[in-house]
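Open the model in a viewer and keep the selection tool at hand. The stops below go from the whole chain to a single residue and then to pairs of helices.

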Amino acid sequence: MYLDHRVTIKIARILNMIDMSALLLDNSGNVILPEGDQRVFNLPDAIRQNPTEPLVYGGITLIGTADDQPVFVCLQGNSEEVKKCALLCAELINMLLREDMSQTNREQSLRLILRGEVETSEFESLAAEHDIPMHGNRCVLYFYFQDLDAEAALQMMSDGLDSEDDLMTEVGRHSVAMLKKLSDEEPFEEMEEYARAIENSFLTETGKDVFVGVSEPHEDLINMPEAFEEARSAINVGRIYHSNRSIFVYRNLLLERFLSEVSPEMSANYNSKIFNRKTARLFNEEMVHTIETFFDNSLNLSETARKLYIHRNTLVYRLEKVQRAIGLDLRNFDDAVTFKMMMLLGKNTGNRKFRL
């Protein structure tokens, strides 16, 4: 469950009244409060199965709310007094959450729909109550702002919104999702450029970076949770393999999505067939940049040389040097595909801690 900033502030006040160390965790064990705490806890199976029953272990007391997707209060200590305090906090937080759910506005309803926190039977009534069309060709754009709060970003985006058919909501501390209507004037093929325009606007106004994920187009509102996950996944996967990019379209990441399913161990094994101690000097930063530029320009020698500001013969010499070392001629399509896959597999072994 996502807690917007208004509810988070109220819960923070409750926890601040407690004369002991207190944390608020989400269903995955991520710390929600205090803000800025990046720790992740492994929640025991016992508390997941019965979240409203206080669990004492390792010198702490843990209890969840009565929600289907509970949040958890974690208090330092294991006495009866701490257990009673945990029960009281959980009930107060649960009351806040129930009140928030019962008074959902259009933005909050959209967030619940996108994040899949609405039962299928409730979709139509919730959409009708807030005038959200059930049908229509739409996609989801997921915006992640590293150094900007979602509330501020949402305000800036709302001021520049040029269509009443496009809906937006906070979906994380630094994340905003847009339900974007597609039309003949603004088809899906133009969504990357649309995202680029928003990115440029934010960079100009704030100097802050933004990452954007674009889902597949979908016709029914009931499929929007799937679109939301596609847009979020596009950023998660895209940032692994394309660290120099900021906009990621889900349908353009088919190879990357496939490779992300390969285990780190197998990825490292195959990557080492090409990138190893013997070839480390050859595949320096300049050579890797040359090869990536060659791939980005569809194996076009002249265009690549122009982009790199080098003579065409210099580029040919570098590619032939690679061929002599590993036996792959990158001017040949099949060899180029093999090399690229091995290179991308190497990125599977890196740090994957960042996940939206």
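The tour starts with the complete chain and then narrows the selection.

**Whole chain**

Select everything first, and bear in mind that this is a predicted model. The protein chain has 14 helices and eleven strands. Aligned along its principal axes, the C-alpha atoms fill a box of roughly 75 × 55 × 35 Å. Switch on the surface: the accessible area of the protein chain is about 19100 Å², and carbon and sulfur atoms account for 47% of that area. Of the 356 residues in the protein chain, 46% are buried. Contacts can be sorted by distance along the sequence: among those with a separation of 6 or more, 58% join residues 24 or more positions apart.

**Cys74**

Next select residues 72-76, which form strand E5, and pick out Cys74 within this strand. Is Cys74 buried or exposed? Its relative accessibility is 7%, below the 20% cut-off, so Cys74 counts as buried. Now show what surrounds the residue. Beyond its neighbours within four places in sequence, Cys74 is in contact with Ser21, Ala22, Leu23 and Leu25, and also with Ile60, Thr61 and Leu62. To check one of these, draw a distance between the C-alpha atoms of Cys74 and Leu23: they are 5.0 Å apart, although 51 residues separate the two along the chain.

**Helices H6 and H7**

Two packed helices are described by the angle between their axes and the distance between the axes. Select residues 150-159 for H6 and residues 191-206 for H7. The axes of these helices lie 12 Å apart, at an angle of about 115°. The crossing of H6 and H7 is right-handed. Show side chains for Ala153, Met156 and Met157 on H6, and for Ile198, Phe202, Glu205 and Thr206 on H7; these residues make the contact. By class, the contact of H6 with H7 comprises five nonpolar residues, one polar and one charged.

**Helices H11 and H14**

For the last stop, select residues 285-296 (H11) and residues 333-347 (H14). Their axes come within 12 Å and cross at roughly 120°, which makes H11 oblique to H14. This crossing of H11 and H14 is left-handed. Which residues of H11 and H14 meet? From H11 they are Ile291, Glu292 and Phe295, and from H14 they are Ala336, Phe339, Lys340, Met343 and Lys347. Colour them by class: the contact of H11 with H14 holds five nonpolar residues, three charged ones and no polar ones.

Methods
Residues are numbered from 1 along each chain as its sequence is written. This is a predicted model: local features need pLDDT of at least 70, side-chain atom pairs count only at pLDDT 80 or more; totals for chains, interfaces and linings use all residues. Side-chain values use heavy atoms; hydrogens and water are left out. Axes are lines fitted to C-alpha atoms, for helices over the stretch in contact, and angles run from 0 to 180 degrees between N-to-C directions. Helices (H or I, at least four residues) and strands (E, at least two) are DSSP runs, numbered from the N terminus. Angles under 35 degrees count as roughly parallel, over 145 as roughly antiparallel, 65 to 115 as roughly perpendicular and the rest as oblique. A crossing is left-handed if the near helix is turned anticlockwise from the far one by less than a right angle, and right-handed if clockwise. Contact means heavy atoms within 4.5 Å. Ala, Val, Leu, Ile, Met, Phe, Trp, Tyr, Cys and Pro count as nonpolar, Asp, Glu, Lys and Arg as charged, and the others, Gly among them, as polar. Buried means under 20% relative accessible area, exposed over 50%, partly exposed in between (1.4 Å probe, protein chains only). Accessible areas come from the Shrake-Rupley method with a 1.4 Å probe; for residues, only the protein chains shown count as cover.
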